[in-house]
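Reader: Could you take me on a close look at one part of this protein, the nonpolar interior around a single residue? I'd be glad of one connected account.

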Amino acid sequence: MDFANQIILVSAGLITFSIFAGVLSSRIGAPLLLVFLAFGMLAGEDGPGGIVFNDYGVAYFVGSFALALILFDGGLRTSRETINRAFGPSIILATIGVVLTAALVGLAAKFLFGFGWAEAFLLGAIVGSTDAAAVFFLLHLHGLRLKPRVAATLELESGVNDPMAIFLTLALVGVAVHGRNVADVSDALDLIWDFLWQMFGGLLFGAVGGYAVLRAVNRLQLSSGLYPILAGALGLLVFAFTQSAGASGFLAIFVAGFILGNNQHRATTEISRFSDGVAWLAQIGMFLMMGLLVTPSALLPILLPALGVAFFLIFIARPVTILACLWPFSFSPRETAFISWVGLRGAVPIFLGTIPVISGVEGAEVLFSVAYVIVLVSLVLQGWTVPYAARLAEVELPPRPTPNRRVELDLPAGKGKSVVAYTVDPMSLLLRRGVNRLPLPMGTTVISVMRDGVVRTEGFDRGVEPGDVVMMLTTAEMIPTLDRLFGARRMRGQAKEAGTVDFVLEGSASAALVADMYGLAFEAEERELTLEEFMRSRLGKDIKEGARTRVGGIVLAAIQVQDGSVRQVGLDLDPPQEENLLTQFRLRWRGALGALRELFIADDPRGPF
């Protein structure tokens, strides 16, 4: 009884003090994960805590459990848009990139430590993948907002490359312990089959399990507090069943989370918040345990060559891998350099480092210690400098405005709608001059507006005032747009992401209706046109996607052009200041040239004569 109480006391105390230490460390910009890891070391046998913990089996079990929960949360937060933007480069990095990194690090380990080839490449496999937990937390903790394609590549790569690293680690453990020979045709075919089953089996079980989780959440009538527990438990069931079948449970639970997060389901907010909290708890617990597992005094004899391997990984292996894998995808040199720098290593390499120890690989404790040093160097050197690297590489975007006290209510599954309420910020885009009515995105309906304690359910064309509480019915896809609409506008001098618009309208929409809603100063003859006809009158016949024209203080942009037809037009209610009179003159001049070209050339290549 006393022992159980002591375990609870120590566990709760470590987690509580770690959180407090993390809050303090954030003021000096220290990576929070590094704080958890360091706190675990201080609580260990070489630190003031004096806790002796050397059970690698328990560490492997807890690490598997925690990593599964973190990947499930990562899948929930990965959108289809992220997959579409970065599928190609991410898959290449998660497969070929991991193998190439492992091979390069193995060569460095062979030279610096004199390991056998199997042990050297085993170390490369252990540290070959970027850590999903480290990337997810370090990119999102401080609200760091990157260019969409860069962010999508980093998040998706880190989310799906763990299975490859685990496969390589297990395969090389088999070579080191059981003498499997990759040069032997039979053993090579076995490894290829294992790899294919790990990947495709993980995808298959993850997809089937994900839709089963989605169906269970939507069909069962439960208390709202039980839905997050049900989703998490079923996700872990998918993980365990996939692992038992010999496939990658880590890939499966990520896919299951992705399917649940990208489909309408009950208790969306509750599941999201619960999963976020559980992922934080898993992250803290995993880093604390890994910190307890290492003995700092055991790192000293191998510190210098381990630092050499760490620097080789960060400054040579990772950049070479990124250059080799991303050159077909037209990333700019600055984007490539940033992706190379954010090759964060976290708890996964330490977790993988326990596998050789459990399996009885000769010198496995040294491999574990080297992996630990590499993680420490990565978190200190790379984790501490990610925000500065983003600014230097010019991939950072301005933070999105934070809406003032947004409240969200879930409706029954299958309706595809949510009820949200916002308090109007004094600097909101809603209060800009020239907007006569509430400019809401498609599919959004105002339910009520409360002002000074009085609720009105009609007369919304009179606009809103600061402090009003606006309740609306909308879709989940429109919530980020509403966040920007109800949040504070950018201060003068802040940049805006190129091509960003506030609303997307159909090209067939009436220009007059749009003008009345958004306060656009159209000429009398322009009001009789559709938006597509209006864009053509301003920009000529051959409109390209991204072409923009200004009407007063608002910019209209051609968002989607198909077969020469402007299908969608975007409205930017708060365009950047750089679009000055010279730019307007250039756009007008380009429109005039287009009109002249249409007049004299028309559709006949011989011209009108």
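**Around leucine 146**

Author: Happy to! Setting aside neighbours within four places in sequence, leucine 146 is in contact with Leu139, Ala151, Leu154, Phe338, Ala390, Val395, Glu396 and Leu397. Please keep in mind that this is a predicted model.

Now step back to the core. The largest nonpolar core has 121 residues, and those touching the most other members are Leu37, Leu146, Leu154, Phe338 and Tyr372. Helix H17, residues 364-382, gives this core its largest share, 12 residues. Another core lies apart from it, with 34 residues that include Val449, Val470, Met535 and Leu539. As a general point, nonpolar side chains in soluble globular proteins tend to be buried together.

The surface has its own nonpolar side chains, though. Leu189, Ile192, Trp193, Leu196, Phe200 and Leu203 make a nonpolar surface patch of about 640 Å². One of them, leucine 196, lies in helix H9, which spans residues 185-219. Leucine 196 counts as partly exposed because its relative accessibility is 35%, and partly exposed means between 20% and 50%.

For the wider setting, the protein has 609 residues, 50% of them buried, and its secondary structure comes to 22 helices and nine strands. Of the contacts between residues at least 6 apart in sequence, 73% join residues at least 24 apart. The protein exposes about 28,500 Å², with carbon and sulfur atoms supplying 63% of that area.

Key. Residues numbered from 1 in each chain as written. Predicted model: local features only at pLDDT ≥ 70, side-chain atom pairs only at ≥ 80, totals over all residues. Heavy atoms only, no water. Patch = residues over 30% accessible without salt bridge, like charges linked within 9 Å, V, L, I, M, F, W, Y side chains within 5 Å. Areas by Shrake-Rupley, 256 points an atom, 1.4 Å probe, with all protein chains shown as cover. Salt bridge = Lys/Arg side-chain N within 4 Å of Asp/Glu carboxyl O. Helix = DSSP H or I, 4+ residues; strand = E, 2+ residues; numbered from the N terminus. Buried < 20%, exposed > 50% of the residue type's maximum accessible area, 1.4 Å probe, protein only. Contact = heavy atoms within 4.5 Å. Core = buried A, V, L, I, M, F, W, Y, C linked by side-chain atoms within 4.5 Å.
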